[in-house]
Amino acid sequence: MAARILIIDSDVTLSTVLSDYLASRGYKTQRVSDGKAGMDLLRSGHWDALLMELQGVGMNGYDLIKEVRHLLPQIPLIVLTTRSEREDQMRAFQLGCDDYQTKPFSMDILICRIEAVLRRAREHEENKQRIFDLNGHVFNATHQTFDGIHLSSRASDLLLMLCRNEGEVVDRHRILAALWKEDNAFTSRSLGVFINHLRKFLTPAGYSIIASRYKGYKLVKDEHLRI
């Protein structure tokens, strides 16, 4: 699912160019020039990241950071501003911004910064959940058990990756790098063995692991199964 990014910046020309550029890279964006309008959008919908200016948004930019952090403590927040003084940067970080980019800036570098804060946010969120209810069948990654049956560490870690990305293809190279530390013919065959092992647990629970050729695997719920 494409990340949704809100832009609060009074520079209409820049925010338009930035919005179009982000859209070309697969992001969904919306831009406003007023801080209060931006807060209303943050309250009324889901956003994955916020890009905001400190000046010209109808309110003090630092106060806006405070309001955002009070409302959404975890949302990735990047300040885009002409203010390059050390004191301004320190204050913004102390109030809770995740990154600080002075204008003018490189669009490509900004994309890298956005991807970095989004990745950290995803990893933070992923690290929270360790127990999953799969149609009444409980997978506990902390105890490495499925319905009380012990799983090997590798099987448990593999199932955890699939559960945290349910419905999405998890790239096989990512799996091998994370769990095997190597990507070769031997580790690929080993991954296939573990996938088949997990299917024995998941099939009775109404879940399937679907192989996407040359890409990876995804965990899906069998919507046709009658529970």
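User: Is Arg31 buried, partly exposed or exposed?
Analyst: This is a predicted model, in which local features need pLDDT of at least 70, side-chain atom pairs count only at pLDDT 80 or more, and totals for chains, interfaces and linings use all residues. Residues are numbered from 1 along each chain as its sequence is written, and side-chain values use heavy atoms, with hydrogens and water left out. Buried means under 20% relative accessible area and exposed over 50%, with partly exposed in between (1.4 Å probe, protein chains only). Because its relative accessibility is 38%, Arg31 counts as partly exposed.

User: Which side chain makes a polar contact with the side chain of Arg31?
Analyst: Arg31 is in contact (heavy atoms within 4.5 Å) with Ile7, Val12, Ser15, Thr16 and Ser19, leaving aside neighbours within four places in sequence. A polar contact is a pair of N or O atoms within 3.5 Å; within protein, one must be able to donate a hydrogen and the other to accept it, and residues adjacent in sequence count only if both atoms are side-chain atoms. At 3.3 Å, the partner of the Arg31 side chain is that of Thr16.

User: Which helix gives the most residues to the largest nonpolar core?
Analyst: A nonpolar core is a set of buried Ala, Val, Leu, Ile, Met, Phe, Trp, Tyr and Cys residues joined through side-chain atoms within 4.5 Å. The largest has 29 residues, of which Phe139, Phe146, Leu158, Ile175 and Leu202 touch the most other members. With 7 residues, the element that gives the most to this core is helix (a DSSP run of H or I, at least four residues) H6.

Terms used. Helix = DSSP H or I, 4+ residues; strand = E, 2+ residues; numbered from the N terminus.
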